[in-house]
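Please open the model in the viewer and keep the sequence panel visible. The tour below proceeds by selection, one stop at a time.

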Amino acid sequence: MMTLCLAAAVSAHAQSFAVDNGVISGVTGIEIQGSLYDVAFADGSFNGVYPAQLSGYGQLAQEVAQVLLVASESGALTANPGEQRNLQLLGCRSRESCTVLIPEHSTGAAPSAQTTYAVEVIYSRDGFRSVTSKLWPFDASTDTVHMPDMLYAIITPAR
């Protein structure tokens, strides 16, 4: 119930998965308070995958995570018609589930951030299934290439 209230409060929805070569490379058309965003998935370290000067997405990280969850739970977030089921996220090598990290805040900025707080979104069985209730700290040098079930989300304004 709280998830639905938060999503309604941010006036948000997600449009569709972006599918490239049989994997989900991102989510397009996430609307939050009248602005549209796209999310791309990437493997690497915070300092390696995010643009220079990024020190996190602030409240947008939590809002995007909640929109992904609500859109998955409602069935609104799906691959395009005709796409196969059981698609993996780009960079995720686990068949069970994958953790998507969305940075909220870091000390310093890419490419030399130190520590950051992130929202954790779990993807499994064709959808996002949970969001951490609280942001948690991790080392910005964490490289998800070495973690088969973890990757980063990069948020950009939709084009």
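Select Thr-116 and His-105: the side chain of Thr-116 reaches the backbone oxygen of His-105 at 2.3 Å. This is a polar contact, a pair of N or O atoms within 3.5 Å; within protein, one must be able to donate a hydrogen and the other to accept it, and residues adjacent in sequence count only if both atoms are side-chain atoms. The model is predicted: local features need pLDDT of at least 70, side-chain atom pairs count only at pLDDT 80 or more, and totals for chains, interfaces and linings use all residues. Residues are numbered from 1 along each chain as its sequence is written, and side-chain values use heavy atoms, with hydrogens and water left out.

**Around Thr-116**

Thr-116 belongs to strand E7 (residues 115-124). Helices (H or I, at least four residues) and strands (E, at least two) are DSSP runs, numbered from the N terminus. Is Thr-116 buried or exposed? Its relative accessible area is 0%, so Thr-116 is buried; the term buried means under 20% relative accessible area, exposed over 50%, and partly exposed in between (1.4 Å probe, protein chains only). Next, display the residues that Thr-116 touches, not counting residues up to four places away in sequence: Phe-46, Pro-103, His-105, Ser-106, Trp-136, Pro-137 and Phe-138. Contact here means heavy atoms within 4.5 Å.

**The whole chain**

Zoom out and colour by secondary structure. The protein chain has 3 helices and 10 strands, in the order α-β-β-β-β-α-α-β-β-β-β-β-β along the sequence. Of its 159 residues, 49% count as buried. Among contacts between residues at least 6 apart in sequence, 65% join residues at least 24 apart. The chain exposes about 7,800 Å², of which carbon and sulfur atoms supply 52%; accessible areas come from the Shrake-Rupley method with a 1.4 Å probe, and for residues, only the protein chains shown count as cover.

**Helix H3 and its two ends**

Select residues 59-74, which form helix H3. The helix has 16 residues and reaches 23 Å from its first C-alpha to its last, close to the 22 Å expected at 1.5 Å a residue; the expected span is 1.5 Å times one less than the number of residues. H3 is mostly covered, with 13 of its 16 residues buried.

Before the helix, select Gly-58, in the loop between helix H2 (46-49) and H3. Gly-58 is partly exposed, at 22% relative accessible area. Add Ser-106, which is 48 residues apart from Gly-58 along the chain; the two C-alpha atoms are separated by 9.6 Å.

Now move to Ser-74, also part of helix H3. Ser-74 is exposed, with a relative accessible area of 54%. A polar atom of the Ser-74 side chain lies 3.2 Å from the backbone oxygen of Ala-71. Gly-75 follows H3, and its phi is positive, near 85°.

**An aromatic cluster**

How many aromatic pairs does a search of the whole structure find? The search finds 7. Rings of Phe, Tyr and Trp (its six-membered ring) pair if their centres lie within 6.5 Å; planes under 30 degrees apart count as stacked, over 60 as edge-to-face and the rest as tilted. Select Phe-41 and Phe-128: their ring centres are 6.5 Å apart and their planes stand at 40°, so the pair is tilted. This pair links distant parts of the chain, with Phe-41 in strand E4 (residues 35-42) and Phe-128 in strand E8 (residues 127-131), 87 residues apart. Phe-41 is buried at 4% relative accessible area, and Phe-128 is buried at 0%.

Add Tyr-123, which forms an edge-to-face pair with Phe-128, 5.2 Å centre to centre and 65° between the planes. Tyr-123 is buried, with a relative accessible area of 4%. Selecting Phe-17 as well completes the view, as Phe-17, Phe-41, Tyr-123 and Phe-128 form one aromatic cluster.

**Thr-144 and the cysteines**

Go to Thr-144, in the loop between strand E9 (136-139) and strand E10 (150-157). Thr-144 counts as buried, at 0% relative accessibility. Its side chain is joined to that of Asp-43 by a polar contact of 2.6 Å. Leaving aside neighbours within four places in sequence, the contacts of Thr-144 include Ala-42, Gly-44, Arg-93 and Tyr-152.

Finally, select Cys-92 and Cys-98. Cys-92 is buried at 9% relative accessible area, and Cys-98 is buried at 0%. The structure has 0 disulfides, a disulfide being a pair of cysteine sulfur atoms within 2.5 Å.
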